[in-house]
Amino acid sequence: AGAASRAPRPKAGADIEAELEIDLVDAVKGAEKTITVSRPGDCAACNGTGRKRSSQPLTCRTCKGSGRVRMSGPVPMNLPCGACDGEGSVPGEPCQVCFGAGESANEARLAVTIPKGVGDGDRIRLTDQGGPGVRGGPPGDLLLTIRLREHPHFKRDGRDLTLHLPITLREALEGG
C-alpha cells in the first residue's frame, strides 16, 4: 500500500523587521505615525506566477506531474517532489522582471500606533503586514523596533525622566 498523496499545504509568509525612530515626547505620550516599508509582494508583470504571461506551466520532469517522488530503501516512501515543491508543474519561460521568483519589492504606507511609555529597543508587532503567504497561507507580521532620538535636555532612565539643568551658584543658593 502506498502513502496517500497530499496537496502542498499553505504556508505563512515571512516576518519582516524594520526600525522606527521617534522623539522622546512621542514615546512618553504615545503617537500615531505613518511609515513606509518595502516588503515582498507578487510581481506585477507575471501576477506572482514566475513565468511570462504568454508561457504555460510545464509538467515537472522529475515527478512526471504527480507532485510526489518515491524513495526506495528499507521503508519505501512517497515524498513531495523537491523540483516542483509538490505542485506537479514548473513555470514555463521565466518572467523577465522577477526572473522566475514570482515576487518583487513593493512599497507600503502603514499607520502605526505608538503606545504610551514605549522604550528604546521595544518592539511593536503589526499582524499580517509582513511577507505574503505561500499557496494561500496567511501573511507574515511586521516587527518594528523602536529607536528613540536623543532629546537635547531630557534623558530617560528606565521609566524615569531626568533633566540636567546647569544653574549658577547664586541660583543654587537663593533659588530661582
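A residue counts as buried when its relative accessible area is under 20%, so Cys95, at 4%, falls in that class. The structure discussed here is a predicted model, and the cysteines are a handy place to start. A disulfide is a covalent bond between the sulfur atoms of two cysteines. The model turns out to hold zero disulfides. Cys63 has its closest cysteine sulfur in Cys84, at 3.8 Å, which is too far for a bond. Cys95 is in no disulfide either, with the sulfur of Cys98, its nearest, 3.8 Å away. The cut-off behind this is 2.5 Å between the two sulfur atoms. Like Cys95, which is buried, Cys63 is tucked out of reach of the probe and counts as buried at 7% relative accessibility.

Next come the strands. Three of them make up an open sheet in the order β1-β9-β8, and the pairing is mixed. At the edges stand β1 and β8 (123–126), each with a single partner strand, so one side of each has no neighbour in the sheet. Going from one strand to the next, the twist averages 30°. The pairing of β1 with β9 is parallel and rests on seven bridges. Within that pairing, Glu19 has Thr145 of β9 as its bridge partner. In a regular strand the side chains alternate between the two faces of the sheet.

Two hairpins can be picked out as well. In one, strand β4 (residues 68–71) runs antiparallel to strand β5 (residues 77–80), and four bridges join them. Val69 is matched there with Leu79 of β5. Five residues sit between the two strands, and Gly73 in the turn shows a positive phi of about 155°. The other hairpin is built from strand β10 (residues 154–157) and strand β11 (residues 160–163), again antiparallel and again with four bridges. Here Arg156 has Leu161 of β11 as its bridge partner. The turn has two residues between the strands, and its Gly158 has a positive phi of about 65°.

Glycines aside, a couple of other residues also have a positive phi. Most residues other than glycine have a negative phi, and most peptide bonds are trans. Lys64, with a positive phi of about 55°, is not a glycine. Lys64 is found in the loop between β3 (58–59) and β4, where its relative accessibility of 67% makes it exposed. Asp85 likewise has a positive phi, near 55°. The loop between β5 and β6 (89–90) holds Asp85, which is exposed at 52% relative accessible area.

Turning to charges, side chains of opposite charge can pair when their charged atoms come close. The structure holds 11 salt bridges. One of them brings together the side chains of Arg149 and Asp23, at 2.4 Å from N to O. Arg149 lies in the loop between β9 (142–148) and β10, while Asp23 lies in the loop between β1 (16–22) and α1 (24–29), so this pair ties together parts that are 126 residues apart in sequence. Both partners have some surface showing: Arg149 is partly exposed at 36%, and Asp23 is partly exposed at 35%.

Another salt bridge links Asp26 with Lys33, at 2.9 Å from N to O. In this pair Asp26 is buried, with a relative accessible area of 15%, whereas Lys33 is partly exposed at 28%. A further salt bridge joins Glu150 and Lys155, with an N to O distance of 3.1 Å. Glu150 is exposed at 69%, while Lys155 is partly exposed at 36%. There is also a network, in which salt bridges that share partners connect Asp15, Arg125 and Asp141.

Finally, the surface carries a nonpolar patch. Its members are Val28, Phe154, Leu161, Leu163, Leu165 and Ile167, and together they have about 540 Å² of accessible area. Helix α1 contributes Val28 to the group, and this residue counts as partly exposed at 37% relative accessibility. Leu161, also in the patch, is the bridge partner of Arg156 in the β10 and β11 pairing described above.

Key
Residues are numbered from 1 along each chain as its sequence is written. This is a predicted model: local features need pLDDT of at least 70, side-chain atom pairs count only at pLDDT 80 or more; totals for chains, interfaces and linings use all residues. Side-chain values use heavy atoms; hydrogens and water are left out. Two strands pair if DSSP finds at least two bridges between them. A salt bridge is a side-chain nitrogen of Lys or Arg within 4 Å of a carboxyl oxygen of Asp or Glu. Buried means under 20% relative accessible area, exposed over 50%, partly exposed in between (1.4 Å probe, protein chains only). Patches are made of residues with over 30% relative accessible area and no salt bridge: like charges are joined within 9 Å, nonpolar side chains (Val, Leu, Ile, Met, Phe, Trp, Tyr) within 5 Å. Accessible areas come from the Shrake-Rupley method with a 1.4 Å probe; for residues, only the protein chains shown count as cover. Axes are lines fitted to C-alpha atoms, for helices over the stretch in contact, and angles run from 0 to 180 degrees between N-to-C directions.
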